[in-house]
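Let's take a walk through this structure together, one chain at a time. Have the sequence open alongside as you read.

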Amino acid sequence: MYNAVVNEGLDRMSEMARGNFDLDWMDSNPAGWGHEVKPGKTGLTLCDVETGHYDQVPEHGSSHGSLAPRGCMVPDDTPSLDMYTLNEMSEVWSDNARHLYDEACNRQWNSTTDVPWHKLEKLPDDIEKSVCQMCTGFVEVEFVAGDMPAKWMCHINHDFHEVKLFLATQIMDEARHMDVFRKRALANGGGLLMASPASEELLAAILQANDYTTASSLMHIFGEGFILTLFRTGEFLAPTEVEKTIFRLCMQDEARHVAYGVKHLKYFLERHPEREGEIHSILDAGEQAIFRLTLEPQTIEPRAILAGGGIENIELGMARIGFLYSKQIREYLHRLKVAGLERESRMVIPAELSVETLLERAGVA
Amino acid sequence: MGKNKAILFPSEDWFRGLVSLMGEQEATYRELGATDCTMVVKVTGGASQGTGEDEGEKFFEVVFEDYGADKVRELASIEEASASHFVLEASLETWREMIDNIRDNGSPDLEHTLNYLTFPDDPMLVTGPDQLEVDTFYRYNESLQRFFNAAAEFPTSYA
(Lines give C-alpha, C1' and ligand atoms only; values in the text may rest on other atoms or scores of the structure.)
Protein backbone atom coordinates (compact mmCIF):
# COMPACT_ATOMS: atom_id res chain seq x y z
CA MET A 1 0.00 0.00 0.00
CA TYR A 2 2.89 2.41 0.81
CA ASN A 3 5.96 2.93 -1.32
CA ALA A 4 9.43 1.69 -0.35
CA VAL A 5 10.51 4.90 1.38
CA VAL A 6 7.49 5.01 3.66
CA ASN A 7 7.76 1.29 4.37
CA GLU A 8 11.42 1.72 5.32
CA GLY A 9 10.40 4.51 7.72
CA LEU A 10 7.66 2.40 9.24
CA ASP A 11 10.08 -0.51 9.72
CA ARG A 12 12.50 1.82 11.51
CA MET A 13 9.75 3.14 13.77
CA SER A 14 8.70 -0.41 14.56
CA GLU A 15 12.24 -1.18 15.67
CA MET A 16 12.23 1.91 17.89
CA ALA A 17 8.89 0.85 19.34
CA ARG A 18 10.63 -2.38 20.34
CA GLY A 19 13.39 -0.40 22.04
CA ASN A 20 16.01 -0.78 19.32
CA PHE A 21 17.58 2.65 18.79
CA ASP A 22 20.57 3.49 16.58
CA LEU A 23 22.28 6.24 18.64
CA ASP A 24 25.37 6.21 16.38
CA TRP A 25 25.02 9.99 15.95
CA MET A 26 25.92 10.46 19.61
CA ASP A 27 29.54 9.49 19.00
CA SER A 28 29.76 10.56 15.38
CA ASN A 29 32.02 13.61 15.80
CA PRO A 30 34.53 13.12 18.63
CA ALA A 31 36.83 15.85 17.28
CA GLY A 32 34.02 18.38 17.51
CA TRP A 33 32.70 17.30 20.92
CA GLY A 34 33.56 18.99 24.22
CA HIS A 35 33.87 22.42 22.63
CA GLU A 36 34.09 25.23 25.14
CA VAL A 37 33.16 28.85 24.63
CA LYS A 38 33.20 31.98 26.71
CA PRO A 39 30.68 34.72 25.96
CA GLY A 40 32.06 38.25 25.79
CA LYS A 41 30.43 41.42 27.10
CA THR A 42 28.30 41.76 23.98
CA GLY A 43 26.94 38.22 24.38
CA LEU A 44 27.89 35.02 22.60
CA THR A 45 29.22 36.02 19.19
CA LEU A 46 30.16 34.00 16.15
CA CYS A 47 33.77 35.00 16.84
CA ASP A 48 33.41 33.47 20.33
CA VAL A 49 32.23 30.06 19.08
CA GLU A 50 34.25 29.58 15.89
CA THR A 51 37.39 28.37 17.60
CA GLY A 52 39.47 25.20 17.58
CA HIS A 53 37.85 22.45 15.54
CA TYR A 54 35.19 24.87 14.27
CA ASP A 55 37.68 27.49 13.15
CA GLN A 56 39.13 25.24 10.45
CA VAL A 57 37.98 26.85 7.22
CA PRO A 58 39.11 24.72 4.26
CA GLU A 59 40.89 26.35 1.31
CA HIS A 60 38.69 24.20 -0.89
CA GLY A 61 35.09 23.84 0.25
CA SER A 62 33.90 20.31 0.99
CA SER A 63 33.08 18.21 -2.04
CA HIS A 64 29.88 16.78 -0.54
CA GLY A 65 28.14 19.90 -1.81
CA SER A 66 25.41 19.83 0.81
CA LEU A 67 24.16 22.21 3.46
CA ALA A 68 25.79 20.08 6.16
CA PRO A 69 27.40 22.45 8.68
CA ARG A 70 31.18 22.84 8.70
CA GLY A 71 32.65 20.86 11.57
CA CYS A 72 29.99 18.16 11.81
CA MET A 73 30.23 14.52 10.67
CA VAL A 74 28.78 14.20 7.18
CA PRO A 75 27.42 10.71 6.33
CA ASP A 76 28.70 9.26 3.05
CA ASP A 77 25.24 9.03 1.56
CA THR A 78 24.51 12.76 2.03
CA PRO A 79 23.23 13.97 -1.34
CA SER A 80 24.83 16.95 -3.04
CA LEU A 81 22.72 19.98 -3.92
CA ASP A 82 24.87 20.40 -7.06
CA MET A 83 24.56 24.17 -6.69
CA TYR A 84 27.92 25.32 -5.42
CA THR A 85 30.19 26.93 -7.98
CA LEU A 86 32.17 29.06 -5.50
CA ASN A 87 34.17 26.33 -3.81
CA GLU A 88 37.49 28.11 -3.30
CA MET A 89 37.92 30.09 -0.11
CA SER A 90 39.74 32.83 -2.00
CA GLU A 91 36.70 33.45 -4.19
CA VAL A 92 34.56 34.72 -1.31
CA TRP A 93 36.56 34.95 1.91
CA SER A 94 37.35 38.01 3.91
CA ASP A 95 39.21 37.86 7.21
CA ASN A 96 36.73 40.25 8.79
CA ALA A 97 33.54 38.46 7.65
CA ARG A 98 32.92 36.84 11.03
CA HIS A 99 33.48 40.04 12.95
CA LEU A 100 31.35 42.06 10.53
CA TYR A 101 28.52 39.55 10.88
CA ASP A 102 28.61 39.90 14.66
CA GLU A 103 28.73 43.66 14.34
CA ALA A 104 25.84 43.73 11.88
CA CYS A 105 23.70 41.63 14.23
CA ASN A 106 24.60 43.87 17.12
CA ARG A 107 24.07 47.18 15.36
CA GLN A 108 20.74 46.54 13.65
CA TRP A 109 18.21 49.36 13.69
CA ASN A 110 14.79 49.83 12.21
CA SER A 111 13.17 52.58 10.23
CA THR A 112 9.92 52.37 12.14
CA THR A 113 11.06 53.46 15.59
CA ASP A 114 14.72 54.53 15.38
CA VAL A 115 14.10 57.61 13.23
CA PRO A 116 12.49 60.62 14.98
CA TRP A 117 9.70 60.90 12.40
CA HIS A 118 7.73 63.16 14.73
CA LYS A 119 10.34 65.83 14.09
CA LEU A 120 9.55 66.08 10.38
CA GLU A 121 8.60 69.62 9.52
CA LYS A 122 7.07 71.38 6.56
CA LEU A 123 9.88 72.42 4.24
CA PRO A 124 9.96 74.92 1.36
CA ASP A 125 8.90 73.24 -1.88
CA ASP A 126 12.34 73.29 -3.54
CA ILE A 127 13.96 71.78 -0.43
CA GLU A 128 11.31 69.06 -0.05
CA LYS A 129 11.62 68.21 -3.75
CA SER A 130 15.40 68.00 -3.46
CA VAL A 131 15.19 65.70 -0.43
CA CYS A 132 12.59 63.55 -2.21
CA GLN A 133 14.71 63.36 -5.38
CA MET A 134 17.74 62.26 -3.35
CA CYS A 135 15.56 59.63 -1.68
CA THR A 136 14.21 58.47 -5.06
CA GLY A 137 17.79 57.88 -6.18
CA PHE A 138 18.65 55.93 -3.05
CA VAL A 139 15.50 53.81 -3.27
CA GLU A 140 16.53 52.94 -6.82
CA VAL A 141 20.14 51.98 -6.14
CA GLU A 142 20.12 50.58 -2.62
CA PHE A 143 18.66 47.17 -3.23
CA VAL A 144 21.21 46.19 -5.85
CA ALA A 145 23.36 45.47 -2.82
CA GLY A 146 20.60 43.06 -1.75
CA ASP A 147 20.03 41.51 -5.17
CA MET A 148 23.72 40.97 -5.89
CA PRO A 149 24.53 38.88 -2.79
CA ALA A 150 21.19 37.07 -3.14
CA LYS A 151 22.21 36.06 -6.66
CA TRP A 152 25.49 34.51 -5.46
CA MET A 153 24.73 33.18 -1.99
CA CYS A 154 23.28 29.83 -3.03
CA HIS A 155 26.39 29.22 -5.15
CA ILE A 156 28.79 29.73 -2.22
CA ASN A 157 30.03 26.49 -0.67
CA HIS A 158 28.40 26.09 2.72
CA ASP A 159 31.78 25.68 4.40
CA PHE A 160 32.15 29.45 4.03
CA HIS A 161 29.09 30.13 6.11
CA GLU A 162 30.57 33.27 7.69
CA VAL A 163 30.47 34.97 4.31
CA LYS A 164 26.91 33.81 3.67
CA LEU A 165 25.81 35.04 7.08
CA PHE A 166 27.44 38.40 6.55
CA LEU A 167 25.85 38.73 3.10
CA ALA A 168 22.49 37.92 4.66
CA THR A 169 22.91 40.85 7.05
CA GLN A 170 23.82 43.02 4.11
CA ILE A 171 20.58 42.06 2.37
CA MET A 172 18.67 43.07 5.50
CA ASP A 173 20.63 46.32 5.70
CA GLU A 174 19.75 47.16 2.12
CA ALA A 175 16.10 46.29 2.69
CA ARG A 176 16.13 48.77 5.56
CA HIS A 177 17.80 51.44 3.42
CA MET A 178 15.32 51.01 0.59
CA ASP A 179 12.53 51.13 3.12
CA VAL A 180 13.75 54.18 5.04
CA PHE A 181 14.36 56.32 1.94
CA ARG A 182 10.99 55.34 0.50
CA LYS A 183 9.38 56.28 3.80
CA ARG A 184 11.14 59.64 3.88
CA ALA A 185 10.09 60.45 0.32
CA LEU A 186 6.47 59.64 1.09
CA ALA A 187 6.27 60.98 4.66
CA ASN A 188 6.32 64.75 4.35
CA GLY A 189 3.80 65.77 1.70
CA GLY A 190 6.13 65.04 -1.23
CA GLY A 191 6.69 61.76 -3.02
CA LEU A 192 9.03 59.94 -5.35
CA LEU A 193 10.37 61.96 -8.26
CA MET A 194 12.57 60.93 -11.21
CA ALA A 195 14.38 57.61 -11.70
CA SER A 196 17.94 57.55 -12.98
CA PRO A 197 18.79 55.83 -16.28
CA ALA A 198 22.48 56.25 -15.51
CA SER A 199 22.07 54.34 -12.25
CA GLU A 200 20.64 51.41 -14.15
CA GLU A 201 23.83 51.17 -16.20
CA LEU A 202 25.90 50.76 -13.04
CA LEU A 203 23.40 48.43 -11.40
CA ALA A 204 23.36 46.20 -14.50
CA ALA A 205 27.16 46.02 -14.52
CA ILE A 206 27.07 44.84 -10.88
CA LEU A 207 24.35 42.27 -11.42
CA GLN A 208 25.77 40.96 -14.70
CA ALA A 209 29.41 40.67 -13.61
CA ASN A 210 30.89 37.32 -14.64
CA ASP A 211 32.10 36.21 -11.26
CA TYR A 212 31.59 36.98 -7.59
CA THR A 213 34.83 38.82 -6.92
CA THR A 214 34.50 41.24 -9.81
CA ALA A 215 30.87 41.83 -8.83
CA SER A 216 31.96 42.38 -5.23
CA SER A 217 34.76 44.78 -6.22
CA LEU A 218 32.34 46.82 -8.27
CA MET A 219 29.62 46.80 -5.67
CA HIS A 220 31.24 46.63 -2.23
CA ILE A 221 34.22 48.88 -2.86
CA PHE A 222 33.25 51.05 -5.78
CA GLY A 223 29.45 51.38 -5.59
CA GLU A 224 29.00 51.25 -1.83
CA GLY A 225 32.06 53.42 -1.31
CA PHE A 226 30.52 56.11 -3.51
CA ILE A 227 27.15 55.73 -1.80
CA LEU A 228 28.84 55.95 1.61
CA THR A 229 30.16 59.37 0.61
CA LEU A 230 26.68 60.30 -0.65
CA PHE A 231 25.25 59.30 2.74
CA ARG A 232 27.80 61.56 4.38
CA THR A 233 26.73 64.29 1.95
CA GLY A 234 23.12 63.62 2.88
CA GLU A 235 23.87 64.09 6.57
CA PHE A 236 25.82 67.24 5.75
CA LEU A 237 22.96 68.72 3.73
CA ALA A 238 20.05 67.40 5.80
CA PRO A 239 17.41 70.05 6.49
CA THR A 240 16.09 68.39 9.66
CA GLU A 241 17.17 65.98 12.37
CA VAL A 242 15.10 63.29 10.67
CA GLU A 243 17.32 63.10 7.59
CA LYS A 244 20.43 63.54 9.74
CA THR A 245 19.52 60.43 11.72
CA ILE A 246 18.63 58.40 8.63
CA PHE A 247 21.91 59.18 6.91
CA ARG A 248 24.04 58.53 9.99
CA LEU A 249 22.44 55.15 10.57
CA CYS A 250 22.73 54.16 6.89
CA MET A 251 26.33 55.35 6.80
CA GLN A 252 27.29 52.87 9.51
CA ASP A 253 25.83 49.93 7.58
CA GLU A 254 27.43 50.99 4.32
CA ALA A 255 30.87 51.25 5.92
CA ARG A 256 30.55 47.61 7.05
CA HIS A 257 29.81 46.50 3.51
CA VAL A 258 32.78 48.44 2.19
CA ALA A 259 35.00 46.86 4.87
CA TYR A 260 34.02 43.38 3.71
CA GLY A 261 34.65 44.26 0.05
CA VAL A 262 38.10 45.73 0.68
CA LYS A 263 39.25 42.77 2.76
CA HIS A 264 37.81 40.25 0.31
CA LEU A 265 39.59 41.82 -2.64
CA LYS A 266 42.81 41.89 -0.62
CA TYR A 267 42.46 38.21 0.26
CA PHE A 268 41.68 37.36 -3.36
CA LEU A 269 44.49 39.36 -4.98
CA GLU A 270 47.08 37.99 -2.56
CA ARG A 271 46.24 34.53 -3.92
CA HIS A 272 45.38 35.43 -7.49
CA PRO A 273 47.52 38.38 -8.58
CA GLU A 274 47.06 37.21 -12.17
CA ARG A 275 43.39 38.23 -11.95
CA GLU A 276 44.17 41.91 -11.33
CA GLY A 277 43.40 42.79 -14.95
CA GLU A 278 39.82 41.51 -14.63
CA ILE A 279 39.26 43.72 -11.61
CA HIS A 280 40.63 46.73 -13.48
CA SER A 281 38.32 45.97 -16.42
CA ILE A 282 35.17 45.93 -14.33
CA LEU A 283 36.28 49.10 -12.55
CA ASP A 284 36.74 50.76 -15.98
CA ALA A 285 33.09 50.05 -16.69
CA GLY A 286 32.02 51.13 -13.22
CA GLU A 287 33.91 54.40 -13.35
CA GLN A 288 32.32 55.40 -16.63
CA ALA A 289 28.87 54.53 -15.33
CA ILE A 290 29.31 56.44 -12.09
CA PHE A 291 30.69 59.44 -13.93
CA ARG A 292 27.53 59.59 -16.00
CA LEU A 293 25.45 59.07 -12.88
CA THR A 294 27.26 61.75 -10.89
CA LEU A 295 26.55 64.39 -13.52
CA GLU A 296 22.95 63.44 -14.16
CA PRO A 297 20.69 66.39 -13.25
CA GLN A 298 18.51 64.29 -10.94
CA THR A 299 21.64 63.30 -9.01
CA ILE A 300 23.63 66.49 -8.74
CA GLU A 301 21.01 69.26 -8.80
CA PRO A 302 19.07 68.34 -5.67
CA ARG A 303 22.31 68.27 -3.71
CA ALA A 304 23.32 71.64 -5.13
CA ILE A 305 19.95 73.10 -4.12
CA LEU A 306 20.31 71.76 -0.59
CA ALA A 307 23.91 72.96 -0.37
CA GLY A 308 22.89 76.43 -1.50
CA GLY A 309 19.92 76.53 0.83
CA GLY A 310 17.39 76.88 -2.00
CA ILE A 311 16.99 76.85 -5.77
CA GLU A 312 17.88 80.53 -6.00
CA ASN A 313 21.37 79.65 -4.77
CA ILE A 314 21.90 76.50 -6.83
CA GLU A 315 25.16 77.81 -8.32
CA LEU A 316 26.52 78.64 -4.89
CA GLY A 317 25.47 75.14 -3.84
CA MET A 318 27.40 73.63 -6.75
CA ALA A 319 30.50 75.43 -5.58
CA ARG A 320 29.92 74.31 -1.98
CA ILE A 321 29.80 70.64 -2.91
CA GLY A 322 32.43 70.84 -5.62
CA PHE A 323 34.75 68.82 -3.41
CA LEU A 324 32.31 65.90 -3.24
CA TYR A 325 33.42 64.18 -6.43
CA SER A 326 37.13 64.40 -5.69
CA LYS A 327 36.47 63.14 -2.16
CA GLN A 328 34.65 60.11 -3.56
CA ILE A 329 37.51 59.38 -5.93
CA ARG A 330 40.16 59.86 -3.26
CA GLU A 331 38.51 57.49 -0.79
CA TYR A 332 37.84 54.95 -3.57
CA LEU A 333 41.51 54.95 -4.58
CA HIS A 334 42.64 54.66 -0.97
CA ARG A 335 40.36 51.68 -0.35
CA LEU A 336 41.71 49.93 -3.43
CA LYS A 337 45.21 50.62 -2.18
CA VAL A 338 44.38 48.85 1.09
CA ALA A 339 43.14 45.93 -1.02
CA GLY A 340 46.44 45.90 -2.90
CA LEU A 341 45.26 47.45 -6.15
CA GLU A 342 47.01 50.51 -7.54
CA ARG A 343 44.35 52.20 -9.60
CA GLU A 344 45.26 55.87 -9.84
CA SER A 345 47.19 55.57 -13.10
CA ARG A 346 44.49 53.33 -14.61
CA MET A 347 41.47 55.53 -13.91
CA VAL A 348 39.33 56.26 -16.95
CA ILE A 349 37.63 59.32 -15.45
CA PRO A 350 39.05 62.57 -14.03
CA ALA A 351 40.29 62.53 -10.45
CA GLU A 352 38.88 66.01 -9.86
CA LEU A 353 35.96 67.95 -11.22
CA SER A 354 36.03 71.53 -10.09
CA VAL A 355 33.56 74.16 -11.23
CA GLU A 356 36.54 76.23 -12.40
CA THR A 357 37.76 73.42 -14.66
CA LEU A 358 34.32 72.94 -16.13
CA LEU A 359 33.92 76.66 -16.83
CA GLU A 360 37.33 76.70 -18.45
CA ARG A 361 36.36 73.73 -20.62
CA ALA A 362 33.16 75.56 -21.62
CA GLY A 363 35.22 78.59 -22.63
CA VAL A 364 33.80 80.75 -19.85
CA ALA A 365 36.41 82.97 -18.29
CA MET B 1 31.58 63.44 38.79
CA GLY B 2 30.29 66.76 40.04
CA LYS B 3 28.01 67.94 37.28
CA ASN B 4 28.37 71.63 38.09
CA LYS B 5 32.14 71.76 38.15
CA ALA B 6 33.68 72.77 34.84
CA ILE B 7 36.19 70.33 33.39
CA LEU B 8 39.05 71.59 31.29
CA PHE B 9 39.12 70.76 27.58
CA PRO B 10 41.29 69.28 26.28
CA SER B 11 42.31 67.01 29.11
CA GLU B 12 42.22 63.34 30.10
CA ASP B 13 39.68 64.32 32.76
CA TRP B 14 37.34 65.77 30.16
CA PHE B 15 37.36 62.56 28.11
CA ARG B 16 37.06 60.47 31.27
CA GLY B 17 33.98 62.52 32.06
CA LEU B 18 32.42 61.41 28.78
CA VAL B 19 33.53 57.81 29.36
CA SER B 20 31.97 57.86 32.79
CA LEU B 21 28.68 59.09 31.34
CA MET B 22 28.90 56.38 28.70
CA GLY B 23 29.01 53.86 31.52
CA GLU B 24 25.97 55.46 33.17
CA GLN B 25 24.08 55.36 29.87
CA GLU B 26 25.04 51.81 28.87
CA ALA B 27 21.47 50.97 27.88
CA THR B 28 21.59 53.65 25.17
CA TYR B 29 24.83 52.29 23.78
CA ARG B 30 23.50 48.72 23.89
CA GLU B 31 20.63 49.90 21.74
CA LEU B 32 23.06 51.37 19.21
CA GLY B 33 25.28 48.29 19.29
CA ALA B 34 28.85 47.55 20.25
CA THR B 35 31.61 49.95 19.24
CA ASP B 36 35.06 48.66 18.44
CA CYS B 37 37.51 51.37 17.45
CA THR B 38 40.20 53.69 18.70
CA MET B 39 39.75 57.42 18.35
CA VAL B 40 42.51 59.96 18.64
CA VAL B 41 41.39 63.53 19.20
CA LYS B 42 43.92 66.07 18.01
CA VAL B 43 43.56 69.62 19.23
CA THR B 44 45.60 72.30 17.51
CA GLY B 45 46.16 75.94 18.26
CA GLY B 46 45.67 75.66 21.98
CA ALA B 47 47.76 77.03 24.81
CA SER B 48 51.49 76.51 24.31
CA GLN B 49 51.94 74.11 27.23
CA GLY B 50 50.82 71.22 25.02
CA THR B 51 52.83 68.04 25.16
CA GLY B 52 52.25 67.30 21.46
CA GLU B 53 54.88 67.23 18.74
CA ASP B 54 54.20 70.85 17.75
CA GLU B 55 53.70 73.58 20.24
CA GLY B 56 50.07 73.79 21.24
CA GLU B 57 49.07 70.42 19.76
CA LYS B 58 47.47 67.87 22.01
CA PHE B 59 46.49 64.27 21.40
CA PHE B 60 44.05 62.13 23.38
CA GLU B 61 43.32 58.50 22.67
CA VAL B 62 40.01 56.86 23.58
CA VAL B 63 39.63 53.11 23.08
CA PHE B 64 36.02 52.03 22.54
CA GLU B 65 35.13 48.43 23.20
CA ASP B 66 31.73 46.78 23.44
CA TYR B 67 29.38 49.32 25.07
CA GLY B 68 31.93 51.53 26.71
CA ALA B 69 35.44 52.93 26.57
CA ASP B 70 37.99 51.61 28.99
CA LYS B 71 41.15 53.50 28.10
CA VAL B 72 41.78 57.22 27.90
CA ARG B 73 45.28 58.64 27.69
CA GLU B 74 47.07 61.72 26.50
CA LEU B 75 49.69 61.03 23.88
CA ALA B 76 52.91 62.94 23.46
CA SER B 77 52.64 62.46 19.70
CA ILE B 78 50.55 60.60 17.16
CA GLU B 79 53.31 57.96 16.94
CA GLU B 80 52.24 56.76 20.39
CA ALA B 81 48.74 55.92 19.17
CA SER B 82 47.59 52.32 18.83
CA ALA B 83 48.30 50.91 15.37
CA SER B 84 44.62 50.82 14.57
CA HIS B 85 42.98 54.23 14.99
CA PHE B 86 41.45 57.24 13.33
CA VAL B 87 42.18 60.85 14.15
CA LEU B 88 39.68 63.67 14.59
CA GLU B 89 41.63 66.89 14.19
CA ALA B 90 40.45 70.44 14.74
CA SER B 91 41.55 73.69 16.28
CA LEU B 92 40.70 74.40 19.90
CA GLU B 93 38.35 77.08 18.61
CA THR B 94 36.40 74.51 16.55
CA TRP B 95 36.23 72.00 19.39
CA ARG B 96 35.06 74.76 21.67
CA GLU B 97 32.33 75.84 19.28
CA MET B 98 31.12 72.24 18.93
CA ILE B 99 31.13 71.52 22.66
CA ASP B 100 29.42 74.81 23.52
CA ASN B 101 26.80 74.12 20.86
CA ILE B 102 26.10 70.69 22.35
CA ARG B 103 25.95 72.17 25.85
CA ASP B 104 23.61 74.97 24.74
CA ASN B 105 21.18 72.74 22.84
CA GLY B 106 21.47 69.44 24.71
CA SER B 107 22.75 67.91 21.45
CA PRO B 108 24.36 69.45 18.38
CA ASP B 109 22.31 71.52 16.00
CA LEU B 110 22.35 70.59 12.31
CA GLU B 111 25.66 72.34 11.70
CA HIS B 112 27.65 70.92 14.60
CA THR B 113 27.45 67.16 14.20
CA LEU B 114 30.72 65.28 13.77
CA ASN B 115 29.85 64.38 10.20
CA TYR B 116 28.88 67.94 9.33
CA LEU B 117 32.14 69.30 10.69
CA THR B 118 34.38 66.65 9.12
CA PHE B 119 32.73 66.09 5.75
CA PRO B 120 34.33 69.04 3.92
CA ASP B 121 37.67 68.34 5.70
CA ASP B 122 37.32 71.77 7.26
CA PRO B 123 37.01 72.87 10.07
CA MET B 124 37.49 69.30 11.32
CA LEU B 125 39.52 66.61 9.62
CA VAL B 126 39.32 62.85 9.94
CA THR B 127 42.44 60.91 9.02
CA GLY B 128 43.98 57.54 9.79
CA PRO B 129 46.77 55.13 8.90
CA ASP B 130 44.65 53.91 5.99
CA GLN B 131 41.18 54.38 4.54
CA LEU B 132 39.68 51.39 6.38
CA GLU B 133 40.71 52.98 9.66
CA VAL B 134 39.10 56.24 8.58
CA ASP B 135 36.01 54.23 7.62
CA THR B 136 35.60 53.10 11.24
CA PHE B 137 34.62 56.70 12.01
CA TYR B 138 31.70 56.20 9.61
CA ARG B 139 30.96 52.66 10.87
CA TYR B 140 30.38 53.78 14.46
CA ASN B 141 29.33 57.33 13.73
CA GLU B 142 26.06 57.37 15.65
CA SER B 143 27.72 55.95 18.78
CA LEU B 144 30.59 58.43 18.52
CA GLN B 145 28.12 61.26 18.11
CA ARG B 146 26.28 60.15 21.26
CA PHE B 147 29.62 59.97 23.06
CA PHE B 148 30.31 63.65 22.35
CA ASN B 149 26.67 64.59 22.96
CA ALA B 150 27.26 63.73 26.62
CA ALA B 151 29.28 66.96 26.79
CA ALA B 152 25.88 68.57 27.38
CA GLU B 153 25.86 66.96 30.84
CA PHE B 154 28.67 68.98 32.42
CA PRO B 155 30.23 72.44 32.00
CA THR B 156 33.50 72.70 30.11
CA SER B 157 36.26 75.23 30.54
CA TYR B 158 39.00 75.81 28.01
CA ALA B 159 42.73 76.17 28.12
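Before we start, one working term: a residue counts as buried when its relative accessible area is under 20%, as exposed when that area is over 50%, and as partly exposed in between. Keep in mind, too, that this is a predicted model.

Let's put that term to use on chain A, at Phe323(A). With a relative accessible area of 23%, Phe323(A) is partly exposed. You'll find Phe323(A) in helix α14 of chain A, which covers residues 323-339. Follow the chain for 30 residues and you get to Leu353(A), yet the C-alpha atoms of Phe323(A) and Leu353(A) are separated by just 7.9 Å.

Now zoom out. Chain A comes to 15 helices and zero strands. Its C-alpha atoms fill a box of roughly 95 × 50 × 50 Å, taken along the principal axes. Of the 365 residues in chain A, 49% are buried.

One helix to look at here is α5 of chain A, residues 125-142. Its 18 residues reach 25 Å from the first C-alpha to the last, close to the 26 Å expected at 1.5 Å a residue. How many residues of α5(A) are buried? The count is 14 of the 18, so α5(A) is largely enclosed by the rest of the structure.

For a contrast, go to the start of the chain. There is a nonpolar patch on the surface there, whose members include Met1(A), Tyr2(A), Val6(A), Phe21(A) and Trp25(A). Taken together, the residues of this patch have about 1300 Å² of accessible area. Val6(A), one of them, lies in helix α1, residues 4-17 of chain A. Val6(A) is partly exposed, at a relative accessible area of 36%.

On to chain B, beginning with its helix α3. The 14 residues of α3(B) should span 20 Å at 1.5 Å a residue, and the end C-alpha atoms are indeed 20 Å apart. Which residues of α3(B) are buried? Among them are Leu92(B), Trp95(B), Met98(B), Ile99(B) and Ile102(B). Here's a handy rule for reading such a list: an α-helix has 3.6 residues a turn, so residues three or four places apart point the same way. Just past the helix, α3(B) is followed by Gly106(B), whose phi is positive, near 85°.

This part of chain B also brings us to some charge. Glu93(B), Glu97(B), Asp109(B) and Glu111(B) gather in a patch of negative charge on the surface. Asp109(B) sits in the loop between α3 (92-105) and α4 of chain B, and is partly exposed, with a relative accessible area of 31%.

Finally, the backbone. As background, most residues other than glycine have a negative phi, and most peptide bonds are trans. Where does chain B depart from that habit? Asp66(B) has a positive phi, near 55°, and is found in the loop between β3 (58-65) and β4 (68-75). Asp121(B) also has a positive phi, near 70°; this residue lies in the loop between α4 and β6 and is partly exposed, at 28% relative accessible area. In that loop you'll also meet Pro123(B), and the peptide bond from Asp122(B) to Pro123(B) is cis, with omega near 15°. Another cis bond runs from Phe9(B) to Pro10(B), with omega near -5°. Pro10(B) has its place in the loop between β1 (7-9) and α1 (12-24) of chain B.

Conventions. Residues numbered from 1 in each chain as written. Chains lettered and ligands numbered in written order. Predicted model: local features only at pLDDT ≥ 70, side-chain atom pairs only at ≥ 80, totals over all residues. Heavy atoms only, no water. Helix = DSSP H or I, 4+ residues; strand = E, 2+ residues; numbered from the N terminus. Expected span 1.5 Å × (residues − 1). Buried < 20%, exposed > 50% of the residue type's maximum accessible area, 1.4 Å probe, protein only. Patch = residues over 30% accessible without salt bridge, like charges linked within 9 Å, V, L, I, M, F, W, Y side chains within 5 Å. Areas by Shrake-Rupley, 256 points an atom, 1.4 Å probe, with all protein chains shown as cover. Salt bridge = Lys/Arg side-chain N within 4 Å of Asp/Glu carboxyl O. Lys, Arg positive; Asp, Glu negative; His and termini not counted. Charge placed at Lys NZ, Arg CZ, Asp CG, Glu CD.
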